[in-house]
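Colleague: Take a close look at the nonpolar patch on the surface, please. Then carry on from there to the salt bridges, the helix crossings and the loops.

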Amino acid sequence: MQKVSEKILKNNKNVPFIPLRDLVIFPYTTVSILVGRRLSVESLEASRTSATDKNKIILTLQKNPEEHEPTIETIYTTGVIGNILNVSKTPEQTNKIVVEVLKRCRIINLKQDSYWSADIEEIRSAENIIGEKEKALFDLIYKSYTEYNSLLDKPKSEMFTYSMFESDPERVLYLLAHSLNIKSLSQRQFLIDEISLEKRLEKLYEIIEAEIDIINIEKKIRQQVKKQIEKNQREYYLREQIDVINKELGVQDDFKAEIQELEQIIKNKSFTEEARERAEKELAKLRMMPPSSAEATVVRNYLDLIISLPFTELSEEKKDIKEAKRILDEDHYGLDIVKEKILDYLAVRQLSENPKMPILCLVGPPGVGKTSLGKSIARATGRYFIRISLGGVRDEAEIRGHRRTYIGALPGKIISAMKKAKTINPVFMIDEIDKLAQDYKGDPAAALLEVLDPEQNNTFHDHYLDFGYDLSKILFITTANNMETIPLPLLDRMEVVRIPGYTDYEKLHIAKQFLIPRQKKFNGLEAYNINIPDETIYSVIHQYTREAGVRNLEREIGNIMHKLARQIVETGSEKAREEKFDILPENLKSYLGVPRYIKEERPPVLPVGVATGLAWTSAGGDILAIEVISYPGKGNITITGQLGDVMKESAQAAFSYIKSIAEHFGISIADINNRDYHIHIPEGATPKDGPSAGITIACALLSNVLGIPIRSDTALTGEITLSGRILPIGGLKEKALAAYRNNIFRIIIPLKNRKDIEEIPEEIRKSIKFIPITGMEEVILEAFDRKSIIDITSKNSGDFFTLKDVEATLSREKTQEGKWENISS
């Protein structure tokens with residue numbers, strides 16, 4: 001049952017209305033409101049002069065406080081009916097009204113003429129029969145409100161009882177809400193909008209509990225701040241007392257002594273103008289701080305960095321080219337291109353005082369001596385050597401540093417390394433630049449653009465240092481295994497020098513001149529007569545290592561020395577000095593165990609459908625045995641061996657080309673379409689990609705289709721197009737080394753790669769016959785038995801091989817092996 005309260009308004013039409021910007025008011029309360037908008041003032045006057053409902057006004061919240069003239073769509077349609085008790089003027093001549101809020105209402109229509117008016121319906125205040133849930137909620141509210149009131153600095157005098165709630169629950173609810181000073185407009189509006197008493201009580205309980213939590217947190221913070229202030233005041237008082245006592249005793253304060261020491265260092269140190277200004281500013285700031293404060297520690301660390309960095313200090317540079325060449329040759333065998341670059345730079349240094357520093361990028365497989373070459377360059381030029389590795393770095397702050405506002409901020413790797421260098425012109429090696437990563441924290445490769453750009457790096461900006469630092473006098477050297485993963489803008493700033501793998505002959509000399517003496521020294525065997533002949537070194541190279549560099553070779557030589565050291569200790573070191581230790585190929589197994597690699601003899605004839613290709617990887621060159629089989633089917637092609645998209649597309653192009661020329665060899669398209677083809681490249685666990693295996697796949701497919709084997713002494717590399725043209729490839733030097741290591745002495749290459757042959761070591765050029773070609777017709781004549789191929793095409797189509805193709809291959813046939821310069825194109 002409900003007892004309906006009396007109507008307040010005589011007329012519910014055209015009741016004066018005032019929208020509120022940032023205020024939601026509750027029934028049964030009396031509030032003051034400032035009225036300033038013109039239409040609101042007119043509505044106020046209309047209310048005071050109304051004939052039917054004098055001094056009655058409708059109030060509700062508008063959704064956008066910035067809106068000057070709201071509409072029915074931009075106000076909350078649940079508001080309140082108020083009775084104007086008083087109107088006065090503020091000193092600023094704004095109308096101030098005191099309103100007694102009577103009850104809730106719902107706005108049906110909003111009109112705007114000379115003033116705002118609304119058609120409304122009253123929401124009757126129902127005196128509900130209070131159920132058990134409402135009683136329980138009020139019990140919780142009562143207890144929470146009592147706790148809330150006790151936490152206030154000035155507790156409120158209003159108290160509410162069960163009897164008041166039972167007689168008029170709505171009045172108690174809104175009076176409680178009004179006393180809480182709820183700041184959230186959405187929570188206040190919810191209490192106005194909601195019809196259900198139960199839901200309003202739940203929301204009120206939630207608000208009171210949140211207010212209790214906020215008060216407790218505020219008290220806790222206040223207590224902590226008060227305690228800290230008291231502690232700081234106490235420390236200050238005690239410190240002042242200590243200063244007075246120290247002064248009387250003639251003892252100097254540590255902090256002041258430190259300030260004086262820093263001041264003296266800054267005064268005597270050679271700074272740039274900007275750096276000196278920053279150092280003096282930070283020192284002045286430090287003087288004003290309590291020594292135990294966290295900020296003082298940050299400033300002290302910053303000053304330590306500034307005074308440790310070199311700004312004008314230069315190491316004395318060697319300019320003697322002959323001495324530099326002697327040092328480079330003494331430290332490294334081969335690597336002539338890099339040595340030439342360094343000697344060219346030293347020559348320029350003799351003619352110009354401030355030349356632009358070259359930024360070299362040494363690209364090559366692991367173990368070829370890229371990092372050690374940096375140390376050798378530093379020794380040859382008389383500069384200090386510093387090195388950082390960027391492998392796995394994915395945060396820009398690793399390069400540029402963190403801003404000092406962060407806790408635990410540090411300078412970047414560049415500035416940290418310069419602190420160790422002590423001079424502004426070191427040899428600075430940036431290792432593994434191709435292994436930079438990036439994530440949401442930024443792109444370190446982009447940060448390196450400023451470091452490695454000679455036009456910009458004279459004002460490199462580290463976030464921690466926060467002023468320009470000159471890197472222009474540094475000789476930067478970067479290293480990488482794979483040039484493809486270096487971002488193009490970064491690559492554009494560097495001069496790339498490729499360091500290929502070593503030949504067996506070069507490895508022999510490196511082992512004799514560098515690796516064996518070094519391992520003797522490391523293992524304490526310099527005083528003993530140890531003989532490792534050339535044949536043994538070759539056996540280690542072929543049977544225990546398979547690499548482009550010499551890292552594993554040195555490791556195996558080290559293992560031999562470990563065994564010898566043990567043998568000497570067991571024999572007796574004095575007695576062993578008189579013995580000679582011969583490490584021969586036949587007793588190598590006792591030192592290194594079973595050979596890891598067995599040199600396979602090249603078969604005189606390859607199986608049908610098998611071709612030898614060449615690959616280039618970041619670890620050097622390698623050979624690929626590409627296999628093709630076919631079986632009855634529908635002309636489908638399967639490609640396996642963990643191949644990338646580019647290599648798969650290259651295989652598709654090769655297959656399409658073979659189908660297009662099959663009729664010249666007496667094979668119909670129907671014959672090909674009646675079989676399925678499977679192309680496999682072994683070592684399936686190793687990812688492979690790139691287009692350079694195109695002609696190898698094409699020849700393997702043609703071998704399978706014709707049933708004719710490919711020459712076993714020949715390897716192929718080149719990209720194929722659908723029309724049979726052969727496009728150039730990369731990494732010819734590394735591929736030639738791989739062929740040489742695997743006893744293949746005849747390589748078919750694209751004609752446009754002929755220029756790259758000059759970069760291949762002379763030892764390999766003399767041993768391998770390079771065959772430059774332009775189209776698949778020449779490839780087929782060179783890769784297969786020429787007579788058999790020409791006979792097949794003559795019987796079926798005499799126009800496939802032109803006279804030019806045959807003459808070119810015959811000319812190459814007559815050319816002396818290894819004299820690639822004279823091979824006809």
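Modeller: A patch here is built from residues with over 30% relative accessible area and no salt bridge, and nonpolar side chains are joined within 5 Å. Keep in mind that this is a predicted model.

Start with the patch itself. Its members are Ile217, Ile221, Val225 and Ile229. Together they offer about 350 Å² of accessible area. The patch is nonpolar and sits on the surface. Take Ile221 as one of its members. Ile221 belongs to helix α6, which covers residues 197-249. Its relative accessibility is 46%, so Ile221 is classed as partly exposed. The class follows because exposed needs over 50% and buried needs under 20%.

Now the charged pairs. The whole structure holds 39 salt bridges. One of them joins Arg106 to Glu121, with 3.5 Å between the closest N and O atoms. Arg106 sits in strand β5 (residues 95-112) and Glu121 in strand β6 (residues 116-122), so the bridge ties together parts that are 15 residues apart in sequence. Neither end is classed as buried: Arg106 has 28% relative accessibility and is partly exposed, and Glu121 is partly exposed at 36%.

Another bridge pairs Arg171 with Asp168, at 3.3 Å from N to O. Arg171 is partly exposed, with 37% relative accessibility. Asp168 has 21%, so it too counts as partly exposed. The cut-off matters for Asp168, because buried means under 20%.

A third case is Arg278 with Asp466. Their closest N and O atoms are 3.7 Å apart. That pair links distant parts of the chain, 188 residues apart. Arg278 is in helix α8 (residues 273-287). Asp466 is in the loop between β10 (460-461) and β11 (468-469). The two ends fall into separate classes. Arg278 has a relative accessible area of 19%, so it is buried. Asp466 has 36%, so it is partly exposed.

Salt bridges also join up into a network. Glu323, Arg326, Glu330, Asp331 and Arg379 are linked in this way.

Next, helix packing. Two packed helices are described by the angle between their axes and the distance between the axes. Take helix α17 (residues 504-522) and helix α18 (residues 534-544). Their axes come within 10 Å and cross at roughly 110°. The two helices are therefore roughly perpendicular. The class applies because 65 to 115 degrees is the range for roughly perpendicular. The crossing of α17 and α18 is right-handed.

A second pair is helix α22 (residues 645-661) and helix α24 (residues 694-706). Here the axes come within 8 Å and cross at roughly 45°. That makes α22 and α24 oblique to each other. The crossing of α22 and α24 is right-handed.

Now the backbone of the loops. Asn55 lies in the loop between α1 (38-48) and β3 (56-61). Its phi is near 65°, a positive value in a residue other than glycine. Asn743 has a positive phi as well, near 60°, and is not glycine either. Asn743 is placed in the loop between α25 (732-741) and β23 (746-750). With 22% relative accessibility, Asn743 is partly exposed.

Asn55 also gives a distance to check against the model. Its C-alpha atom is 16 Å from that of Pro19, and the two residues are 36 apart along the chain. Pro19 is in strand β1 (residues 15-20). Only 3% of relative accessibility is left to Pro19, so it counts as buried.

One more distance uses Lys256 and Gly408. They are 152 residues apart in sequence and 25 Å apart in space, C-alpha to C-alpha. Lys256 is part of helix α7 (residues 254-268). Its relative accessibility is 47%, so Lys256 is partly exposed.

Back to the patch, to close. Ile217, Ile221, Val225 and Ile229 are the residues to select in the viewer. With Ile221 selected, you are in helix α6.

Key. Residues numbered from 1 in each chain as written. Predicted model: local features only at pLDDT ≥ 70, side-chain atom pairs only at ≥ 80, totals over all residues. Heavy atoms only, no water. Patch = residues over 30% accessible without salt bridge, like charges linked within 9 Å, V, L, I, M, F, W, Y side chains within 5 Å. Areas by Shrake-Rupley, 256 points an atom, 1.4 Å probe, with all protein chains shown as cover. Salt bridge = Lys/Arg side-chain N within 4 Å of Asp/Glu carboxyl O. Helix = DSSP H or I, 4+ residues; strand = E, 2+ residues; numbered from the N terminus. Buried < 20%, exposed > 50% of the residue type's maximum accessible area, 1.4 Å probe, protein only. Axes fitted to C-alpha atoms, helices over the stretch in contact; angles between N-to-C directions. Parallel < 35°, antiparallel > 145°, perpendicular 65-115°, else oblique. Left-handed = near helix turned anticlockwise from the far one by under 90°.
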